[in-house]
Amino acid sequence: MDHVAVLALFDRDMREDARPDGPGARVERVDKVVRQVGAEHGWNGVIWSDLDGPGADAAIAGQVRYFGKLGREFEWKLYGHDKPENLGQRLRDAGFVAQPEETLMIAELGDLALDAQPPEGVRLLPVTDRAGVDLVADVHEQAFGTDSTRMRHQLLAQLTGDEDNVVAVVALAGDEPVSAARMEMVPGARFAGLWGGGTVESWRGRGIYRALVAHRARVAADRGYRYVQVDASTQSRPVLARLGFQPLTTTTPYVYE
């Protein structure tokens, strides 16, 4: 993989030319900043920027004012190669709080082994309705220890909207949900995004996460996507590397309340 070329393509497809991630969201482009204003329970934040040193602080202040007038918490999604090099420090100086750093990992679908299956006794159930969304949200809360209210509302809106741009799946051991994940597919882009892959603690280390990655990658390949991307935690990065994903840069959410 040509890391420089693929990262430039990712920046163009998924950030500079970003599309709304669900019904009711909108993407706005203002002064070298691309931002999303989400629906009622959606994600709000800066997706891409092209800033220089002298203009960075003014651009940051402008986004703080804008989302402040809307009364919304928002995130500045900072990538390791974004400019200026001290943009993270400038965000902290402006009152943003950095969340744990993740690694942007990308794989070309033609290079992936997509035959991984869940372990014996575990089956994968496609999520298509509210009951399935509830299962995904329950797993999310158990796996990550965080509130899933926003994700629950957004996933349901995506599944019931007019566009077929999200795939969600839950792994069941009998009737017990033990792992879940979703994939977002942007029309016209070359990258499908893998999100939310989480397994409850007692079921980790059995190959379920690997099977969920393979399942979603097969769907992406069938729909004509070339790449899949993940914002990988330290726990998922080794598994993804063994599957053939390559690290391209880091990504850190900076949150402004």
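Colleague: Let me get the terms straight: on a 1 Å grid over the protein atoms alone, a pocket is an open set of points with protein on both sides within 12 Å along at least five of seven lines. So how much space lies in the second largest pocket?

Modeller: About 160 Å³. Grid points are joined across faces, edges and corners, and the volume is the space filled by probe spheres set on those points. This is a predicted model, in which local features need pLDDT of at least 70 and side-chain atom pairs count only at pLDDT 80 or more, while totals for chains, interfaces and linings use all residues. Residues are numbered from 1 along each chain as its sequence is written, and side-chain values use heavy atoms, with hydrogens and water left out.

Colleague: Which residues lie nearest the centre of that second largest pocket?

Modeller: Pro 23, Ala 39, His 153, Gln 154 and Ala 157, out of 15 lining residues; lining means having an atom within 4 Å of a point. Helix α5 (residues 149-160) gives the most to this lining, four residues. Helices (H or I, at least four residues) and strands (E, at least two) are DSSP runs, numbered from the N terminus.

Colleague: And how do the lining residues of the second largest pocket divide by class?

Modeller: Five are nonpolar, eight polar and two charged. Nonpolar covers Ala, Val, Leu, Ile, Met, Phe, Trp, Tyr, Cys and Pro, charged covers Asp, Glu, Lys and Arg, and the others, Gly among them, are polar.

Colleague: What about closed spaces? How many cavities of 30 Å³ or more are there?

Modeller: Two. A cavity is a set of points where a 1.4 Å probe fits but cannot get out. The largest has a volume of about 60 Å³, and its lining includes Val 136, His 140, Met 151 and Arg 182. Helix α4 (130-144) provides the largest share of that lining, four residues.

Colleague: What lines the second largest cavity?

Modeller: Leu 112, Ala 113, Leu 114, Val 213, Ala 214, Leu 243 and Phe 245. That makes seven nonpolar residues, with no polar and no charged ones. Its volume is about 30 Å³.

Colleague: Switching to helices: which residues of α2 are buried?

Modeller: Ala 56, Ala 59, Ile 60, Gln 63, Val 64 and Phe 67. Buried means under 20% relative accessible area, exposed over 50%, and partly exposed in between (1.4 Å probe, protein chains only). The buried residues cover an arc of only 140° around the axis, so they sit on the same side of α2; the arc is taken from the directions from the helix axis to the C-beta atoms.

Colleague: Which exposed residues are on the face turned away from the buried side of α2?

Modeller: Pro 54, Ala 58, Arg 65 and Lys 69. On the buried side, the cover includes β2, β3 (45-49), β4, α3 and β12 (246-256), where contact means heavy atoms within 4.5 Å.

Colleague: One last thing, the backbone. Which peptide bond is cis?

Modeller: The one from Lys 83 to Pro 84, with omega near -10°. Pro 84 is in the loop between β4 (74-79) and α3 (87-93).

Colleague: And what is the phi of Asp 31?

Modeller: Near 50°, a positive value in a residue other than glycine. Asp 31 is in the loop between β1 (26-30) and β2 (33-37) and is exposed, with a relative accessible area of 67%. Lys 32, in the loop between β1 and β2, has a positive phi of about 65° and is exposed at 53%.
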